[in-house]
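Student: Could you show me how to read ring contacts and a strand sheet in a model like this one?

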Amino acid sequence: MEYSKLFSPMKIGNVEIKNRVVMAPMCMGFGQYNGCATEKMMNYYEERAKGGVGLIFTEITRVNDITGASSYGQLAMSHDYQIPALREMAKRVHKHGCKIMVELHHPGRQNLGLMIGTVPLCVAGDKLMGNLYTKILTGAVIPPGKKLQDKNIVPRVVAPSKCEKSKMSNSISRPLSKKGVKKIISQFIEGAVRVKKAGCDGVELHASHGYLIQQFLSPNTNKRTDEYGGSLENRMRFLTEIIDGIRKNCGQDFPIVVRLTVDEMYDRIGQRNKGYELDEGLKMAEILSDKGIDAIDVSSGAYDTFNYWLEPSTFECGWRKNLAEEVKKIVDIPVIAANLIRSPKQAEKQLEDGIQDFVSLGRPLIADPQWVNKVKSGNENLIKRCVCCLYCFESMMENAYHYSHGNCSVNKFVGRENVQLNKNGRGRKVVVIGAGPAGLTAAELLAKRGFDVTVLEKEEEAGGQLNLAKQPPHKGKMGWVCTDLLENVNALGVKVEFGITATKDIIDAYKPEIVINATGANAIFPHVFKGDNVSTVTQILDGTVRLENKKVAVIGSGMTGLETSELLIEYGNRVTVVEMSDTIAPGAWFQHLDDAMAKLKAGNTEFLTGHKLISVNNSSITLERISDSKKVIIDTDYVVLSLGVRPDTSLYDDIKSSDCYKVYNIGDSVKIGRIADATESAYQLVMNI
């Protein structure tokens, strides 16, 4: 396919972008307390520029250190001393024909109270104590600080007016005074001036996802009675005064882009008439176009409606493209949009159909920084697609408490862009057992190092546990991980042999120097529960057992149990989920849980928390209530056990003492984990062979 539209140039203001691919702004935590771009951050962005992207929007970049710092590892344009590092980063990006614009941001009520006023203290502490301060902060200050955050014993975050807590940050807010409003407007303008001085190509104002600018736009969070609240014109005044100030101080030829939520999507979570919907969002877009901004970056949602801007894997590609399409009808400036684009064909079609002018790729460029070059060179089959597992965001949030950064399930070189593979394989033979994510990742990296690699897989297709994970409704993207890895290992000359159950004799026949066991795990099935009306989730997901129109008890509410329940509901079953803990899916990332629970509740699923399975009978189960040991009997036709999995080490135990070759064990066959854990274990092993 030619992709003529995707690779045609277009201007934003007076800045020509070489193609229509834009890297969306995403905070990954590669910065430092003082807000200066670090070497790691520069490597990260330069790698995407090398990969062929036309325009990079940086991550959220603070303009205010006291109330506006969202992360200790965040970029900032709040002080002049931050300009030189940004200038260096811009030069490195420009070297590859890529443009760079900086997204200016203030979190408002979506900040953590823990962050208020702490960044200046951190900067001072870092100057005085260096790395020792970082160790003290991450080891002795942040953990108790997080507990204070959970108890609301922290400073209040700022908002346009007194309003409800944001779902994710859960912080108490205080309204900004008019003086405070004016000060933050000035700080946005001053930040833009610094961006221009650094030699960047423009700014993007983050008026989306429930952050401060959008809080002014929304009647849900802006209940002011002065000139910054009330009518749409007044609610937009905070944003329009920032735009006017940037124009005055940076000139007409310095591009301004606004990232705008055009629909807060409250109706999607059953709260219609809260906030604003598309009709008012379109009015905002029209006002901004008339104001003379240079492009509009269309988005949706806020932290309260998280899944409607940062989608989990069940969302259909392009599901919200109508938002950009409607905006494009009423503005005469370029329209940028993400729209959950996961393939170049989808990108080209949405450009051809006039839905948008630029394709914004966020997570896809984390997963594969060479996305653009692979398409341009005719190797789109080698793209490693983002599967929307949300690990990048989850890990970024978790690692922020350890002053570290986000990671990716399918790209182990995120944050390691400067790492080089030692190509000393010299054709040495390696046999990898298992074509799941761990085995195929190891095979790919070994082949790149110059080893002669053969993969043996007992099934007739690659995937391992992911062949089960992709079976619940709308979870097909999970199969992309190994589909894409298989394409890449085939291109590297790796031999993948299916339908072979490896044994010691079979492995010996290959005469390898190294054997890597990646045999995964098996579902736990306690002998005491075995019977004709009992199976594990594995048997449901692989189709061995097909249940229709029955009363089914699913024991265990981890995400596998919940997603299997979705599949059971699709077949007309009435499901009861039993969980020992007091909460459903303890430890699960909230976005996955929100996504699953909405569907399960719509299917009239019943939930019994704080109960333990004692016995399975012909037409019922006996549970024990944890709180008082009382026995509870539930009528049921069938029981599905979702009690987790345990490592399959049978082959490893048989070959680990071999004198003929070195044997290593990776992935779930060592320790049960997620995709990211499997691929990371493969990376760590291969980098150390």
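Tutor: Happily; we will take the aromatic rings, then the sheet. This is a predicted model, in which local features need pLDDT of at least 70, side-chain atom pairs count only at pLDDT 80 or more, and totals for chains, interfaces and linings use all residues. Residues are numbered from 1 along each chain as its sequence is written, and side-chain values use heavy atoms, leaving out hydrogens and water.

Student: How many aromatic pairs are there?

Tutor: Rings of Phe, Tyr and Trp (its six-membered ring) pair if their centres lie within 6.5 Å; planes under 30 degrees apart are stacked, over 60 edge-to-face, the rest tilted. The count here is 18 aromatic pairs. Tyr-211 and Tyr-303 are edge-to-face because their planes stand at 70 degrees, with the ring centres 5.4 Å apart.

Student: Are Tyr-211 and Tyr-303 buried or exposed?

Tutor: Buried means under 20% relative accessible area, exposed over 50%, partly exposed in between (1.4 Å probe, protein chains only). Tyr-211, at 7%, is buried, and Tyr-303, at 8%, is buried too. Both belong to one aromatic cluster, with Phe-306, Trp-309, Phe-393, Trp-589 and Phe-590.

Student: In what order do the strands of the open sheet run?

Tutor: Strands are DSSP runs of E, at least two residues, numbered from the N terminus; two of them pair if DSSP finds at least two bridges between them. The three strands follow the order β23-β24-β25, with antiparallel pairing. At the edges, β23 (611-616) and β25 (631-635) each pair on one side only. Strand β24 (residues 620-625) meets β25 over five bridges, and Ile-621 stands opposite Ile-634 in β25.

Notes: Helices (H or I, at least four residues) and strands (E, at least two) are DSSP runs, numbered from the N terminus.
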